[in-house]
Structure formats: structure tokens, C-alpha cells
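Hi everyone, thanks for coming. Please have the structure open on your screens, and let's walk through it together.

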Amino acid sequence: MPLNSFRLVLDTNVLVRGFINSGSDSGRILQLCEQRRAVTLLSSAVLREYRFILADTKLCARYPQLEQPEIAVAIERLIYVSDLYRRVGVRFDYPRDPKDSHLIELAIAGAATHLISTDDDLVSLPNGRTEAAKRFRQRLPVIEVVSPYDFLRLHREKLRLT
Amino acid sequence: MSQISASLQIKGLGKQKLAAMLERAKRLGMTPQRYLKHLVEEDLAVSERAKSSTFKGILGAGEATDELEIDSLVEDAKKRYHRQSSRRA
């Protein structure tokens with residue numbers, strides 16, 4: 001697999017973890033995207049959610065390093081290193097957690113290879129027995145839904161990690 | 001050096017936003033034109049900085065944190081976000 005054929009959809013908490021600590025697994029994934037060893041996918045819906053969460057008063061009060069002028073630049077940087085799909089044009093009904101359907105829709109539209117998440121429901125989706133899980137496998141037959149740690153561990157060699 | 005002047009027309013801003021923009025410009029002691037120029041310049045500066053920097057350079061290295069606490073705060077914020085967006089829809 002060529003390096004840049006890692007096409008990643010990042011769950012919001014993964015992005016936030018990476019922004020708060022660049023040395024975390026999530027932070028390392030962001031660095032891989034900067035180095036073009038992987039590509040992050042974005043949609044307008046996902047970007048809106050990222051922006052909202054990164055301006056959340058409770059989150060910012062707990063992590064004062066999330067200063068808004070810097071966050072604005074960091075989001076701009078994310079757009080710069082990502083493939084942005086302004087119009088996704090895909091619908092995926094995910095009754096278990098409708099809040100996450102936009103991530104799956106982006107994964108389908110952008111032919112993602114990985115959805116990086118720590119959400120148990122999302123991680124178990126490729127092997128689930130629900131109706132949504134079956135539709136998920138139909139639309140995304142080869143995607144891996146993994147945690148940041150597992151993504152780095154499973155693809156250590158391909159990503160040329162030391 | 002020749003001077004290039006450009007004038008832009010902004011449509012669809014709406015009366016409320018237009019009034020707010022005029023008020024904001026006044027508050028900052030700028031003419032509306034100067035204020036809009038300032039906004040454009042600021043945004044372009046953000047874009048330039050984003051291109052030439054790194055996440056680590058922009059946000060700092062950070063430090064080890066309780067990631068489960070981050071997840072929980074993000075999950076709560078997500079709920080607030082989706083409640084708001086479904087109300088708007």
C-alpha cells in the first residue's frame with residue numbers, strides 16, 4: 001500500500017487528543033498527515049463539529065492550551081493537509097448513535113481506509129450483527145475502524161515508524 | 001509602483017449582520033471599509049501561518065493528559081452540538 005493511500009476519518013475526540021498532546025498516538029497521527037504519510041478526510045459537517053467542540057467552554061476551561069487564535073490556525077492547517085469534501089452526497093442511517101453518522105458518510109464519500117475512533121460502538125461496527133452493521137460492511141467492505149494506538153501498531157512498518 | 005485598487009460588492013449579508021458589522025467597525029474605531037480590509041488581512045495571515053507551520057509549532061507539544069477525561073468532555077460537547085443543530089434543522 002503506498003504511504004498516502006491511508007485515507008483517514010478522525011473521530012472528534014481523536015483530533016482533540018492530538019491537539020492537546022502532540023506526543024500522544026493521536027498527535028502522532030496528525031504528524032503523519034502533515035508528512036503526507038496519510039491523508040485526513042474532511043467534510044463540511046465534520047469540520048463544523050470539530051470547530052464547535054474545539055470552542056466548547058467546558059473543554060477549553062479544562063485545557064487552556066486550546067487558545068482560540070491558535071485553534072483557528074490549527075484547523076486551517078488541518079484543512080491544508082486534508083482532502084475536503086464540501087458536499088458529501090451520501091446518507092447513512094445510524095440509529096445507534098446518529099451523532100456519528102456524518103463520520104461514516106464522509107468515510108463512504110472519501111473511500112476512507114480507516115476510521116480512527118475510540119468509540120466502542122463504532123469500533124465494533126465492522127463486525128456487528130445489526131442492520132446498520134450489515135449496511136456498513138456493504139458500503140465500506142475494507143475499512144478498518146481502530147483506535148489511534150491500534151492504527152499505529154498495525155501499520156507501523158507501512159508508515160515507516162521508528 | 002502602480003497602485004491596484006479593487007472594490008468588492010458583498011451581497012446577502014442581511015440587515016442584522018450589516019448593522020452588526022457597522023457597529024463593530026465603529027467600536028474598533030475603523031471605517032467599515034478599513035474593518036473589512038482588516039478581516040481579510042487577518043484571515044489571509046491565518047492561512048499563511050497554517051501553511052508554513054506544524055500542529056506542534058502552532059499548539060505547542062502539550063503534555064501527557066487523561067485521554068478518557070478528554071473523551072468524556074468531547075462526548076458531552078458533541079451532545080450539546082447535535083442538540084443545537086437538530087433544533088436549527
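Just after helix α1 of chain B, B:Gly29 takes a positive phi of about 70°. A word on what we are looking at: this is a predicted model, where local features need pLDDT of at least 70, side-chain atom pairs count only at pLDDT 80 or more, and totals for chains, interfaces and linings use all residues. Residues are numbered from 1 along each chain as its sequence is written, while chains are lettered from A and ligands numbered from 1 in the order in which they are written.

When I say helix or strand, I mean a DSSP run, numbered from the N terminus: H or I with at least four residues for helices, E with at least two for strands. The expected span of a helix is 1.5 Å times one less than its number of residues. For α1(B), residues 15–27, that gives 18 Å for 13 residues, and the end C-alpha atoms are indeed 18 Å apart.

Is α1(B) buried or in the open? We call a residue buried if 20 or more other C-beta atoms lie within 10 Å of its own, exposed if 12 or fewer, and partly exposed in between, with C-beta atoms placed from the backbone. The number of buried residues in α1(B) is zero, so this helix lies largely in the open. Helix α2(B), residues 32–52, has 21 residues and reaches 31 Å from first C-alpha to last, close to the expected 30 Å. Of those 21 residues, one is buried, so α2(B) also lies largely in the open.

How confident is the predictor? Its confidence in each residue is the pLDDT, from 0 to 100. Chain B has a mean of 89, with 93% of its residues at 70 or more. Among the elements of chain B, α1(B) has the highest mean, 95, and α4(B) the lowest, 90. For the complex, the predictor gives an ipTM of 0.90 and a pTM of 0.88.

Now to where the chains meet. Two residues are in contact if their C-beta atoms, placed from the backbone, lie within 7 Å. Chain B brings 27 residues to the contact and chain A brings 30. On the chain B side, α2, α3 (55–59) and α4 (67–88) each supply at least two residues. Which of them gives the most? That is α4(B), with 10 residues.

A nice residue to click on is A:Leu59, found in helix α4 of chain A, residues 57–62. Leaving aside neighbours within four places in sequence, A:Leu59 is in contact with A:Ile53, A:Leu66, B:Leu73, B:Val74 and B:Ala77. A:Leu59 has 18 other C-beta atoms within 10 Å, which means that it is partly exposed.

Staying in chain A, look at α1(A), residues 12–20, and α2(A), residues 25–34: their axes come within 7 Å and cross at roughly 90°. A:Val14, A:Arg17 and A:Gly18 in α1(A) meet A:Ser26, A:Gly27, A:Ile29 and A:Leu30 in α2(A).

Last, two arginines. A:Arg36, in the loop between α2 and β2 (39–43) of chain A, has a positive phi of about 60° although it is not a glycine. A:Arg160, in the segment after α9 (148–154) of chain A, has a positive phi of about 55°. A:Arg36 counts as exposed, with 10 C-beta neighbours inside 10 Å, and A:Arg160 counts as exposed with 11.

Technical notes:
pLDDT = per-residue confidence, 0-100. Axes fitted to C-alpha atoms, helices over the stretch in contact; angles between N-to-C directions.
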